[in-house]
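Got the viewer open? Take a seat and we'll walk through this one stop by stop.

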2 protein chains.
Amino acid sequence: MNIKAVAKLANVSTATVSRTINGSPKVSPDTAARVRKAMETLNFVLNTNARALGSGRSNLLGLIISDITNPFFPELVKAFEDIAVSQGKEVLIANTDYDPDRTMHCVTRMLQRKVDGVAIMTSEISEHVISFFLKRKIPVVFLDTGEPAPGISRINIDYPAGVEMAMQYLTQLGHKDISFISGPLNLNSAKTRYQAFMESSAREHLSAKAEYVQEGNHRPDGGYRAMQRILALEQRPTAVLTSNDLTAIGAMGAIFEAGLRIPQDISIIGFDDIQLSAFTEPPLTTVRIPHKDVARVAIEALLGTQDPISKEPKDGAQYKIQPIFMPRRSAGPVPGEAHSFKRRRADRLHA
Amino acid sequence: MNIKAVAKLANVSTATVSRTINGSPKVSPDTAARVRKAMETLNFVLNTNARALGSGRSNLLGLIISDITNPFFPELVKAFEDIAVSQGKEVLIANTDYDPDRTMHCVTRMLQRKVDGVAIMTSEISEHVISFFLKRKIPVVFLDTGEPAPGISRINIDYPAGVEMAMQYLTQLGHKDISFISGPLNLNSAKTRYQAFMESSAREHLSAKAEYVQEGNHRPDGGYRAMQRILALEQRPTAVLTSNDLTAIGAMGAIFEAGLRIPQDISIIGFDDIQLSAFTEPPLTTVRIPHKDVARVAIEALLGTQDPISKEPKDGAQYKIQPIFMPRRSAGPVPGEAHSFKRRRADRLHA
DNA sequence: TTGTACGCGTTATCAA
DNA sequence: TTGATAACGCGTACAA
């Protein structure tokens, strides 16, 4: 069940079989047909290991993410895979779980499998591992961290703009006491969002009480606990911004359990816009990260970043992705004040 | 940066390097040390393609799932990966999206990469593709479908038992009019759950109105729409069972939008117990599928199913997984009747 | 248009 | 305990 058996059955050389497989134009239609028939009857399956070994190319794109359990990532993975497949590439997924050891292990896997490019969608990666890829001339695209360089492309989500939209929305609704539940602050990605909040908060001259910022873990339980701490505060904020949707969902649980209403008593806004956020009660107002764009741009960067002639990495591109504000129903006017606030339709079905 | 360079630097043959890499006992400690040092200085990375080609083994376990966007699967993937890695295996993930063509493509990928075993966690796969794996003596484990056979293991979730627990719970709370929102009924997995409901419903002598069963799509939007249809019914049910948690979450949105309360006006129960279901409002009563057990058992089946001596597949094992009922707060006594119902604590933090 | 023959990096067999 | 060398299955010059 290798190329040789096919060649024998079709009465051609292995080279012709190989050419047929790879759609070479210089193989006569009828021999090609004969070869294909032989493959069919033999149930021939190409050995990609041998192919990669011989050609040096694996047709594999690596995708490193930090937490497959956070719905944002599966959505990203799916978009990435869809586009990759449409370009004739396959995807090798690796999950770091925010663990440095495991991250290193993921990088090794990518190297071992000779990927044609890697998208690193976790900011928890030491810059020096890039060199591993660069030395081997493997194109890299990063999300959310660092500067572009030859062979390295960067995708930056405009967090400040996203946070600003949310803050503007809240201040226009009369909120002045706005809390923030961050992600784990030892993570760069979380820190970036946190800083964006702090800057926006300063710009709007809001009360910058230290207790108004509580640390979560980007998971519901962290948001839940952080919200409990916020609710226990002497002077409770009237609105809460969270570092991601999962955090917001956890926080909503704590709010309801305290017998408060959303958004009448307290407003809440998430970040990411995972599919489920349209189906919480009330539907979650959030800031969407357009994950399809992220995926598209990542693959574009990976496939376009290597000069097809010299195999030298070209100058890496830099992409900026604009978040989109998604007003739903978890954020409303500040309590106790009259505001003209158009209550929106549910929007559950219309992303 | 191949084994040859390492051999040269360490003044040994490539065979010795290979033996060192693979921890062969018959290589003297000091030569091993010399080799390791050489690997270090050269930043040597093993080429797994070459290894797979030479040895015939890939160290790769395939995992085919149907919808990575459904949180149940990432949780399963993660558990599967964790165990696989702890056994020195890697995981190749493939997502079918319920698409037959794509499914076939996934199978081909597995074959091409010469996986050492495949876990097929989607029931949407024609039984004849098994032969592809069996012919090549690749162990297979299926979830939720078919009979065990040589080289094929099966994991069956006891859906009837799971549904029965939910139904018992509801009937004991006085419910007699219980609705069911199914998954897409062209899918085997959805059909199984649907049938379990129908049987349980008959057993409990419940009103088996045809309109009480509505078809969803295993996603929130499907649950939302199905619930709207149910709410429009002349005689509304007092409780709704759903085919999975995502469906339940969508249904809850529709209930709230109709101005009804959960569980005072209507009770709802999910299936799967995804992480988020503890953080909905109210927390979702559901039937847990213990995904860690599923993952553990799957890998056990894959790794134990091939006779290590003869390489002949052993008789496949059959495993039955018992679901676990997770009472939270979305199901309560039937409206308008006095019942002794202990309202549970939230349980958000304690799975 | 087709065939021959070598190389890819590793493992495995057989000698030493 | 180590070394030399033949596979493994495919791609690809180069030749025909």
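Here is a short tour, chain A to begin with and then chain B.

**Stop 1: the whole of chain A**

Keep in mind that what you see is a predicted model. Select chain A and zoom out: the C-alpha trace spans about 85 × 40 × 30 Å along its principal axes. Colour by secondary structure and you should find twelve helices and twelve strands. Chain A has 351 residues, and 58% of them are buried. Of the contacts in chain A with a separation of 6 or more, 69% are between residues 24 or more positions apart.

**Stop 2: the start of chain A**

Now select residues 1-55 of chain A. An unreviewed UniProt entry annotates this stretch as "domain: HTH lacI-type". What is the span made of? It is 69% helix and 0% strand, and its end C-alpha atoms lie 20 Å apart.

**Stop 3: a mixed sheet in chain A**

Next, pick out strands β7, β6, β8, β9, β10 and β12 of chain A. In that order they form an open sheet of six strands with mixed pairing. Look at the edges: β7 (213-215) and β12 (324-326) of chain A each have a single partner strand, so one side of each is left without a neighbour in the sheet. On average, neighbouring strands here are turned by 20° against each other, direction ignored.

Zoom in on β8 (residues 239-242) and β9 (residues 267-272) of chain A, which run parallel and are joined by three bridges. To find the pairing, look for A:Ala239, which stands opposite A:Ser267.

Now bring in two helices. Helix α9 (residues 188-203) of chain A lies across β6 (178-182), β7, β8 and β9, running at about 165° to β6(A). Helix α11 (residues 245-257) of chain A also packs on the sheet, where it touches β6, β8, β9 and β10 (285-288), and its direction makes about 155° with that of β9(A).

**Stop 4: strand β9 of chain B**

Hop over to chain B and select residues 267-272, strand β9. Is this strand buried or exposed? Six of its six residues are buried, so β9(B) is largely enclosed by the rest of the structure.

β8 (residues 239-242) of chain B runs parallel to β9(B), joined by three bridges, with B:Ala239 and B:Ser267 as bridge partners. Follow the chain from β8(B) through helix α11 (residues 245-257) to β9(B), and you trace a right-handed β-α-β crossover. β9(B) is also joined to β10 (residues 285-288) of chain B, in parallel, by four bridges. There, B:Ile269 has B:Thr285 as its bridge partner.

**Stop 5: one residue, B:Val287**

Stay with strand β10 of chain B and click on B:Val287. This residue is buried, with a relative accessible area of 0%. Leave out its neighbours within four places in sequence, and its contacts include B:Gly162, B:Ala166, B:Phe271 and B:Phe325. For a sense of distance, draw a line to the C-alpha atom of B:Gly88, 199 residues apart along the chain: it comes to 33 Å.

**Stop 6: the parallel sheet of chain B**

Show the six strands β2-β1-β3-β4-β5-β11 of chain B, an open sheet in that order with parallel pairing. β2 (90-95) and β11 stand at the edges, each with a single partner strand, so one side of each is left without a neighbour in the sheet. The twist averages 15° from one strand to the next.

Now focus on β3(B). Four bridges pair it with β1(B) in the parallel sense, and three bridges pair it with β4(B), also in the parallel sense. Where is B:Ile120? You'll find it opposite B:Phe142 in β4(B). In a regular strand the side chains alternate between the two faces of the sheet. Turn on side chains and check: B:Gly117 and B:Ala119 point one way, B:Val118 and B:Ile120 the other way, and all are buried. Add helix α7 (residues 129-135) of chain B, and together with β3(B) and β4(B) you have a right-handed β-α-β unit.

**Stop 7: helix α12 of chain B**

Last, select residues 291-304 of chain B, helix α12. At 1.5 Å a residue, its 14 residues should span 20 Å, and the end C-alpha atoms are 20 Å apart, which agrees. The buried residues include B:His291, B:Val294 and B:Leu302. What do the buried residues of α12(B) pack against? Their partners are β1 (60-65), α5 (72-86), β3 (117-120), β4 (140-143), β5 (152-157) and β11 (318-321) of chain B.

Note on methods: Residues numbered from 1 in each chain as written. Chains lettered and ligands numbered in written order. Predicted model: local features only at pLDDT ≥ 70, side-chain atom pairs only at ≥ 80, totals over all residues. Heavy atoms only, no water. UniProt positions renumbered as here; feature names shortened; annotations may be inferred. Buried < 20%, exposed > 50% of the residue type's maximum accessible area, 1.4 Å probe, protein only. Pairing = 2+ DSSP bridges. Right-handed = clockwise from strand over helix to strand, strands pointing away. Expected span 1.5 Å × (residues − 1). Contact = heavy atoms within 4.5 Å. Axes fitted to C-alpha atoms, helices over the stretch in contact; angles between N-to-C directions.
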